[in-house]
Amino acid sequence: MATTTTPTTKGFVGKRVRRTEDPRLITGTATYVDDVTRPGMLYAAVLRSPYASARISSISIEKAASLPGVSAVYTGEDVKAVGPVPCAGSMPTLRVPHHKILAQDRVYYVGHPVAAVVAIDRYVAQDAVDQIEVEYEPTECVADPEKALESDAVRVHPEYDDNVAFTFHAEGGDTDAAFAAADVVVSERVTVPRLAPSPMETRGVVAEYDEGTEELLVYSSTQIPHLLKTQLAVQLSLPENHVRVIAPEVGGGFGSKCNVWAEEALTCFAAMDLKQPIKWIENRRESINVVAHGRGHVDHLEMAASKDGTITALRFKILQDIGGHHQLLTPIIPTLAVIMIPGLYKIKNFTADLTGVFTNLPPTDLYRGAGRPEATYVLERVVDKLADKLEMDPAELRLKNFPAADEFPFETATGLSYDSGDYAKAFNIALENVGYDSFLKKQEKARSKGRLLGLGISTYGEVCAFGPSPALPAGGWESATVRVEATGKVTVMSGASPHGQGGETAYSQLAADALGVPMEDVVVIHGDTGKVHWGVGTFGSRGTAIGGTAVHLALEDIVAKGKKYAAHILNASLDSIQFNQGIFSSNEVEEKLTFQELALEAAVAQKLPPDTEPGLSATRFFEPPNFAFPFGAHICTVEVDGDTGQVEILRYIAVDDIGNVINPMLVDGQLHGGVAQGLGPAFLEEVVFSEDGQLLTGTFMDYAIPKAKDMPWIESERTVTPSPVNPLGAKGVGEAGTIGSLPAFVNAVVDALSHMGVEHIDIPMTPQKVWNLINERSQS
Amino acid sequence: MKIKGQQTLTTPREQVWEALLDPGVLARALPGCQALDPVGENHYKIRMKLALAAVQGLFEGKILLQDVQPPNNYKLHIEGAGKVGFVNGEGHFHLEKLSDVETVVHYEGDVRIGGMIASVGQRLMDMTSKMMIRKFFVSLKEILSEQ
Amino acid sequence: MIAASFDYSAPETLADALRVLSDDPEAKILAGGQSLIPIMKLRLSIPSQVVDLGGIIDLHAIAEEEGIIRIGSMTTHEQVEHSELLSEKCPLLVAAASGIGDVQVRNRGTIGGSVAHADPAADYPAALQALDAKVKVVSSAGEKIIPIDEFIVDALTTALEPDEIITEIHVPTESTGIGTAYETIVQPASGYAIVGVAARIGLSEGNISFARVGITGVGSKAYRALAVEKALEGQPAKDDTYGIASRVAAEGVEALEDLHASSEYRAHLATVFTCRAIAAAAGRAQ
Ligand SMILES: Cc1cc2nc3c(=O)[nH]c(=O)nc-3n(C[C@H](O)[C@H](O)[C@H](O)COP(=O)(O)OP(=O)(O)OC[C@H]3O[C@@H](n4cnc5c(N)ncnc54)[C@H](O)[C@@H]3O)c2cc1C
């Protein structure tokens, strides 16, 4: 296991350094996919199914194709040769229905791509889409995962004998015995609706095929350019070294761009077919409709405990709504809920049964948190229920079940090894910050006056920094190259693909500190398979812990090689060479060498040490020995308006431990955004479909994402328990806020109404739902 | 979307019945109806232009009358589709004789809307359907009073 | 989300604009575009021509004359929100304007556009009902002044003919001794009111001497809650009175239903926010 270094307090690491990305982003000079133009570029638009389930009896393209300015109209027949949209799942029971880039003879969900048009501009393309005549024969559909499992349910894919996409079972310890011996058993069923990831920048692709070099150049708004390159090569039967993918500026992804999309191959196919560059930009309606929705769970958790509050066992059942097709990671995502179901608690026995269900709805896949918010949510709800049942303080109950700080690495029943932590410490700070005891008194008093105050606790843990390669469907490593130019400027090339997180800033901080150069001297390149030769991407809170570590290792190599040069040039022994703040020195000689002088020496190679190659560059891969496990405690206090059901958030306290911090400002940003994406599903967000699978929340006029005014002030604090699994000691912060916040919100509102006998409220907790509960209770 | 309601007309039941099954009357009373052409018994082709403030949509489809039991009950089945989406629905109409000159029309049905209008117009669905029913009866009353 | 092609004109005088409208029956007026452009981008509206009223200076003014404030139809929500004249003499309208959508929408959306669009959940109509406002409409044939209640006919339906332009909205200068309030619960996605209640309350010796209550969001058009007004008038100004009077806020109204609120919940909210608006207005009247 690697050793841990604590960040230096000198230099840049650990400081609130402003984002180097921001000047170009806020002055409008950044280049997103839609800013890319190529000579002779055409525009694509996609026709999508208005039906959730239908046979396509005929498609007539004549009218569309004859519009002036239309270059091509493609239907399923035309793109038959293009390989299927990939799915990385591999469980033995997995059914992977054929998934062509355009519908063949059937559509499986509203929004299913049916045909595509390429035209001179977007307007003509859309006009032509409107002129394509498709005759559908609508068939019965099923739009609810629970109904889809009923024995007489219509089958989404008639070739299978039911709608089960896969099943997955896991267990540890002896759950049945633990339940039999339990003093108390509590349970809850929760639904976690589908969420639309809604990045600010929708998806987009520009594809250009060079007939001379036979190279396909693809700009895509993606989190995984390297994986996309490989997949496109496979889908289009091209040699992989003829495909170059560039993820230019990417305006957010939240996991939704950690995918390989039909429209990517479609745009490439058309560019190769027409020998002209083609741009496709998704519109917002398409984004809400078809960009794989997050969540889509029905979860049931049963918990066994002894009288003293020791939690002994869990039985977990997950229903994952798959949709009509798998996307890249669809079946894998809910398995993350399975492995994290014990949360921060020492629970020795568990069983988990996961069923993936096909429905006539758009596919689901990863979205910030991916499986872990669902697990944390149901777990933290049930822990509160247990506290209720035992008449025990919910804070005390949690404290009782945490592993102690000296029990790490802590092995869980689900087979994970939690790297490091002091759960009680973070939680106690949060309790202190919220003024736990005095709030409870205030709540008591308020209740006697008919006011509804509530406090919700969420102590969460997550598995992230993905991750050891054997534990993932594809490589879990990351690569980095550091190249020192002859002038001493530093170029960092990372295989990670930051898309809003501020990775360029963090990597620049690492490089500037390691090499003693100003941050302005560092350029970070990422998201271009033509420049960065290896990479996995940015998702699963891995950008710093894995991507950053690869950078760190390459920087170490640079320093080591630099020392060799320095020893030779300064005429001193290698062991005596010190490198400090950009200066090579030795106690054996007076003379010193700056980093820039040394860089020039390495490039001109006039005084090359023996056995040393010229140049100063290093490439390293980092393969983590384990995941990292951030944790924390979020506490929220609310007041519910009994007349309307509206909830006011009074205070929001977050104490997070994400290991060592490279830039607290970036971390705050990630946490705030994360909390917003927990607040969304708690109160506002839900992709709603009718029984016929029709999307009812197709615009932001009906799909409510949180806005600035909806956000509480976040009183944020951190404890630092460095992770031993990477030399930076970093854990990861991209998803922590999303995972930790949802249960705090829900527990707070349930707490506010608990004296009325309310035990659970399904999310989103809209005023109407809350009022209905109050109304029912006050009438009975 | 479930729809249910009733309207009292100061017209004898037989006359209301005839009007409700008369394509000429329906064509005038259905809001936005541009054409209603019989293609068989109790089976019509319909073209409607729905205009609501700045929103406009052209729908083509068919209307089927089923279980016709004069002068009491019938079932109306409607299917329409346009560029902006589609509408399908069934409705039961029941005519109650209140007196010799008064009739109550009870209606109950289920309307399913799909495609783009379903996904962008959620907020306006309920009010639109209610308004169309209101308009329908206003026109129907007008036509009946002319007779 | 790409509009079909259309012609665009930006006349500088009202007369020119009217001419375009009478020449081209498929033309559509463009004011702030906050309702029209989204539906055009969805191709739910495909006008042959868009007539932008932005260049007609006369339509942007707010002026007071003999107890009546004339608000040009192209006055943006933001201009109403920050008008000194209105905040002094018609604070109810200011309160309604400041709750519309978000800053971007208020910067572009206009009072004329809002009234012409007649969205059943729009904020202005509640206030305009409570204010007994009038709408001035001009066509090549002449001009009409229509009370708001007659102007808005039904959901998204007005008395406006295709060749007519709204030029002004008329509201009264608020009398002294009258307190006003606008209370609303908003739909979280759009910002539109689920229920919005505008109240104007006058007091005399501890009793309610004047009451106007306008309610939006509940029915297919904003309405005056006459039963509430009646239940208030002459009664002592205290919480009990407000509570009892508010119970009939949605009486006789077929409450709308959508994803965000059932008709039962809407009708209930109407009573809650009516009570709150009345109480707040009465508080300000004292
Ligand atoms: C995100 C969002 C949130 C919103 N939230 C709210 C809200 O909370 N409350 C609320 O009340 N509204 C809300 N709105 C609507 C907003 O207030 C609009 O501005 C208003 O409804 C229309 O005004 P406009 O000037 O934009 O009109 P336009 O969109 O330009 O026109 C609307 C209609 O009115 C016609 N028209 C416009 N001006 C005239 C005129 N002078 N004479 C005749 N016809 C005319 C047009 O032809 C068109 O049919 C929201 C809009 C958006 C986009």
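So, α19 of chain A and helix α12 of chain C, residues 263–285, pack against each other at an angle of about 80°, with their axes 11 Å apart. Keep in mind that this is a predicted model. Since angles of 65 to 115 degrees count as roughly perpendicular, we can call α19(A) and α12(C) roughly perpendicular to each other. Who actually touches whom here? From α19(A) you have A:Pro767, A:Gln768, A:Trp771 and A:Asn775, and from α12(C) you have C:Glu264, C:Tyr265 and C:His268. Sort the residues of that contact by class and you get three nonpolar, three polar and one charged.

Okay, let's zoom out to the whole A–C interface. Chain A puts 26 residues into the contact, and chain C puts in 22. The area buried between chain A and chain C comes to about 2,000 Å², and carbon and sulfur atoms give 60% of that. Which three residues of chain A do the most here? They are A:Met701, A:Gln768 and A:Trp771, which supply 26% of the area chain A buries against chain C, more than any other three residues. Two of those names should ring a bell, as A:Gln768 and A:Trp771 also belong to the α19(A) side of the helix contact I started with.

On to the charged and polar pairs. Between chain A and chain C the count is four salt bridges. One to click on is C:Arg43 with A:Asp127, where the closest N and O atoms are 2.8 Å apart. There are also eleven residue pairs in polar contact between these two chains, with both residues at pLDDT 80 or more. As for where the chain A side comes from, the elements giving two or more residues are α3 (122–131), α8 (284–290) and α19 (767–779). Of the elements, α3(A) gives the most, with five residues. By class, the chain A side that touches chain C divides into ten nonpolar, seven polar and nine charged residues.

Now rotate over to chain B and chain C. Here 17 residues of chain B are in contact with 25 residues of chain C. The buried area is about 1,900 Å², with 60% from carbon and sulfur atoms. On the chain B side, B:Ala54, B:Arg123 and B:Met127 supply 32% of the area that chain B buries against chain C, more than any other three residues.

How many salt bridges do we get between chain B and chain C? Just one. In a salt bridge with C:Asp154 we find B:Arg134, and the closest N and O atoms are 2.7 Å apart. Across this interface there are four residue pairs in polar contact, again with both at pLDDT 80 or more. From chain B, β4 (55–69), α3 (116–120) and α4 (122–146) each supply at least two residues of the side that touches chain C. Here α4(B) gives the most, with eight residues. By class, that side of chain B has eleven nonpolar, two polar and four charged residues.

Last stop, back inside chain A. Take helix α15, residues 543–570, and helix α16, residues 595–604: their axes come within 10 Å and cross at roughly 85°. So α15(A) is roughly perpendicular to α16(A). On the α15(A) side you'll see A:Ile558, A:Gly562, A:Tyr565, A:Ala566 and A:Ile569, and they meet A:Phe595, A:Leu598, A:Glu601 and A:Ala602 of α16(A). That contact has seven nonpolar residues, one polar and one charged. Okay, that's my tour, over to you.

Conventions:
Residues are numbered from 1 along each chain as its sequence is written. Chains are lettered from A and ligands numbered from 1 in the order in which they are written. This is a predicted model: local features need pLDDT of at least 70, side-chain atom pairs count only at pLDDT 80 or more; totals for chains, interfaces and linings use all residues. Side-chain values use heavy atoms; hydrogens and water are left out. Contact means heavy atoms within 4.5 Å. Buried area is the accessible area (1.4 Å probe) that two parts lose on being put together, summed over both. A salt bridge is a side-chain nitrogen of Lys or Arg within 4 Å of a carboxyl oxygen of Asp or Glu. A polar contact is a pair of N or O atoms within 3.5 Å; within protein, one must be able to donate a hydrogen and the other to accept it, and residues adjacent in sequence count only if both atoms are side-chain atoms. Helices (H or I, at least four residues) and strands (E, at least two) are DSSP runs, numbered from the N terminus. Ala, Val, Leu, Ile, Met, Phe, Trp, Tyr, Cys and Pro count as nonpolar, Asp, Glu, Lys and Arg as charged, and the others, Gly among them, as polar. Axes are lines fitted to C-alpha atoms, for helices over the stretch in contact, and angles run from 0 to 180 degrees between N-to-C directions. Angles under 35 degrees count as roughly parallel, over 145 as roughly antiparallel, 65 to 115 as roughly perpendicular and the rest as oblique.
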